[in-house]
Structure formats: C-alpha cells, structure tokens
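Here are a few notes to help you find your way around this one. Keep the viewer open while you read, and follow the points in order.

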Amino acid sequence: MTFRPLHDRVLVRRAEDETSPEGGIIIPGAAGEAHQKGQIIVVGPVLQANGSELTALDVSAGDIVLFDKWSGIEVKVNGQTLVMLKKADILRIVERATAVEEAA
C-alpha cells in the first residue's frame, strides 16, 4: 500500500455493518450505535516532543479498535473507502493483532 498516514494518525477499515438483528428488523445505520469497530490497516509514526525522533504508537496494523462513529475522515485508497483517525479518536482496542492473526 502506498498510502502512509503521518504523525499520530492511523488508517482503519470499518467492520461490516450488522444492521439486521435476529428478529429480522432492519435498523438504519444512523439509528445504530454511536461507536464503530474497524481494523487498523496502516499506522503513522509519532514525533517526540523535540520534533526529531520517531516513536511507535501503542496500536499496530491488524488491531481491531472501537472509535466514535463521527471521528476521522473518509479517504479512498485503492478503490476502498477507509477512515483516517487520530490516535486520540480510538476509544479502545477490542483485539490485538496477534490474536487476530492466530485466529485466521
């Protein structure tokens, strides 16, 4: 992938919407939860306070994360619609990348 976020930003693929519950009632996307789940695709580097050294974020590619539905901006990369978020927009890590890779 040629797209690389800068600073403390991450690129996330949203999880598929689960809009049809067991009862068969379809819930419009806007009426669903205020949070969304997605998988981190690419992580940008972070600059230290002095502006010269790069450090790693505490999230990595492959992590499944929860973020606010209205956070970030949508970008098109290789025909896919992805979301670019700041690290601060991530509410929590649902699954670490190692657990996701082992399950696959």
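**Notes on the sheet**

1. Let's begin with one pair of residues: Val12 has Val83 in E7 as its bridge partner. Keep in mind throughout that you're looking at a predicted model.

2. That pair belongs to a longer match-up. Strand E1, residues 9-14, runs antiparallel to strand E7, residues 80-86, and 4 bridges link the two. Val10 is part of this too, standing opposite Leu85 in E7.

3. Now look at the pairing of E1 with E2. Here the sense is again antiparallel, this time over 5 bridges. For a landmark, find Arg13, which sits opposite Gln39 in E2.

4. Zoom out and you'll see an open sheet of 6 strands, with antiparallel pairing. Reading across, the order is E6-E7-E1-E2-E5-E8. The edges are taken by strand E6 (73-77) and strand E8 (90-95); each has a single partner strand, so one side of each has no neighbour in the sheet. On average, neighbouring strands in this sheet are turned by 45° against each other, ignoring direction.

5. One more residue to check is Gln36, which lies in strand E2, residues 35-43. Is Gln36 buried or exposed? Its relative accessibility is 15%, and the cut-off for buried is under 20%, so Gln36 counts as buried. The side chain of Gln36 also makes a polar contact with the side chain of Arg14, at 2.5 Å.

Key:
Residues are numbered from 1 along each chain as its sequence is written. This is a predicted model: local features need pLDDT of at least 70, side-chain atom pairs count only at pLDDT 80 or more; totals for chains, interfaces and linings use all residues. Side-chain values use heavy atoms; hydrogens and water are left out. Two strands pair if DSSP finds at least two bridges between them. Helices (H or I, at least four residues) and strands (E, at least two) are DSSP runs, numbered from the N terminus. Axes are lines fitted to C-alpha atoms, for helices over the stretch in contact, and angles run from 0 to 180 degrees between N-to-C directions. Buried means under 20% relative accessible area, exposed over 50%, partly exposed in between (1.4 Å probe, protein chains only). A polar contact is a pair of N or O atoms within 3.5 Å; within protein, one must be able to donate a hydrogen and the other to accept it, and residues adjacent in sequence count only if both atoms are side-chain atoms.
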